[in-house]
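Dear colleague,

I am passing on the structure we spoke about, and below it you will find my notes on what was found. Please keep the structure open while you read, so that you can look up each place as it is named.

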Amino acid sequence: MHGNAVAFRAALADLEDRRPDLIVALGDVAQGGPQPLECVELLRELGCPCVRGNTEDFLLTLDLGAEPIKDEERRERVLATARWSREQLGEDGLAFLETFEPTVRGGPILCCHATPSSNEDVILPETPRADVERALAGVDAPAVAAGHVHQQWLRRFDATLWFCVGAIGVWRFCEYALVDDETLAIEFRRIPFDVEELFAAARAKDFPGFDDWAATWKR
């Protein structure tokens, strides 16, 4: 969701008639957008299991992780947003992020953020097979669901189906995946939402770096 509750609500509205047995959030819930607390509150209402993404770690520690941003100006913008998000969340919201798990098992599906062993590694359709095999080492699930790369795609690696669900809060549409846990049939969903409503929320909260952030939505 990346702090985009407008898109999150659109995804939940799309789910209303589908009545899934289980919802799993794959991480990166609060950092990057103007509604971090609203996203946390929606997740609490759902009571669903949550995977811990790299931006959860970042919000909790302000450590940029294995690949720090080299551009100083961009790094300062990212840190300013994180500090603002931490203030919005407060101690209670940050404590909620602490409860997120590295992986969540949903029937035959192992849910992770980036890979089962890392919330920072990048796996894409063109990733060399040897790298994927390392990421799958020790995994006994028929399917792995991931987020992190903000793309929707799937690929079979021998007996394991790997799929990425997309991202709810970073484009002009929200993305998620529906999975049949018996057949492993996957339906990728892509739902439009009101970007102007998101902009209005950002302005109302004096979201830091608004102009630079808003420009990213013109891509």
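**The sheet and its strands**

In this predicted model, C111 has a bridge partner in strand 3, namely A145. That bridge belongs to the pairing of strand 2 with strand 3, which is parallel and is made over 3 bridges. On strand 3 (residues 143-146) there is also a parallel pairing with strand 5 (residues 160-165), and here 4 bridges join the strands. If you would like one pair of residues to look for in this second pairing, V144 has W162 of strand 5 as its bridge partner.

These pairings are part of an open sheet of 5 strands, whose order is 1-2-3-5-4 and whose pairing is mixed. Strand 1 (104-106) and strand 4 (152-157) are the edge strands, each of them pairing on one side only. On average, neighbouring strands of this sheet are turned by 20° against each other, with direction ignored.

Strand 3 deserves a second look for its side chains: which way do A143, V144, A145 and A146 point? A143 and A145 point one way from the strand, while V144 and A146 point the other way, and all are buried.

**A hairpin outside that order**

Strand 6 (173-179) pairs with strand 7 (residues 186-192) in the antiparallel sense, over 7 bridges. Within this pairing, E175 has R190 of strand 7 as its bridge partner. The hairpin that the two strands form has 6 residues between them, and L184 takes a positive phi near 60°.

**The cysteines**

How many disulfides does a search of the whole structure find? The search finds 0. For C111, the nearest cysteine sulfur is that of C112, which is 7.8 Å away, and C111 is in no disulfide. C111 is also buried, with a relative accessible area of 8%.

Why is the sulfur of C174 not in a bond with the closest cysteine sulfur, in C39? The two sulfurs are 11 Å apart, which is too far for a bond, because a disulfide needs the sulfur atoms to be within 2.5 Å. C174 counts as buried as well, since its relative accessibility is 0%, and the cut-off for buried is under 20%.

**The two pockets**

Rolling a probe the size of a water molecule over the atoms shows where empty space is left. The largest pocket holds about 1400 Å³ of space. It is lined by 41 residues, and those closest to its centre are H2, T55, I69, R74 and V78. Helix 3 (54-61), helix 4 (72-98) and helix 7 (210-215) are the elements that give two or more residues to this lining. By class, the lining of the largest pocket divides into 16 nonpolar, 16 polar and 9 charged residues.

The second largest pocket holds about 920 Å³ of space. Its lining also has 41 residues, and L22, I23, V24, Y176 and A177 lie nearest its centre. At least two residues each come from helix 1 (5-15), strand 2 (109-111), strand 5 and strand 6, and strand 6 gives the most, with 5 residues. In this lining there are 24 nonpolar, 10 polar and 7 charged residues.

With that, the structure is in your hands.

Best wishes

How values were computed. Residues numbered from 1 in each chain as written. Predicted model: local features only at pLDDT ≥ 70, side-chain atom pairs only at ≥ 80, totals over all residues. Heavy atoms only, no water. Pairing = 2+ DSSP bridges. Axes fitted to C-alpha atoms, helices over the stretch in contact; angles between N-to-C directions. Buried < 20%, exposed > 50% of the residue type's maximum accessible area, 1.4 Å probe, protein only. 1 Å grid on protein atoms, 1.4 Å probe; cavity = no way out; pocket = protein on both sides within 12 Å on 5 of 7 lines; lining within 4 Å. Points joined across faces, edges and corners; volume = space filled by probe spheres on them. Nonpolar A, V, L, I, M, F, W, Y, C, P; charged D, E, K, R; others polar.
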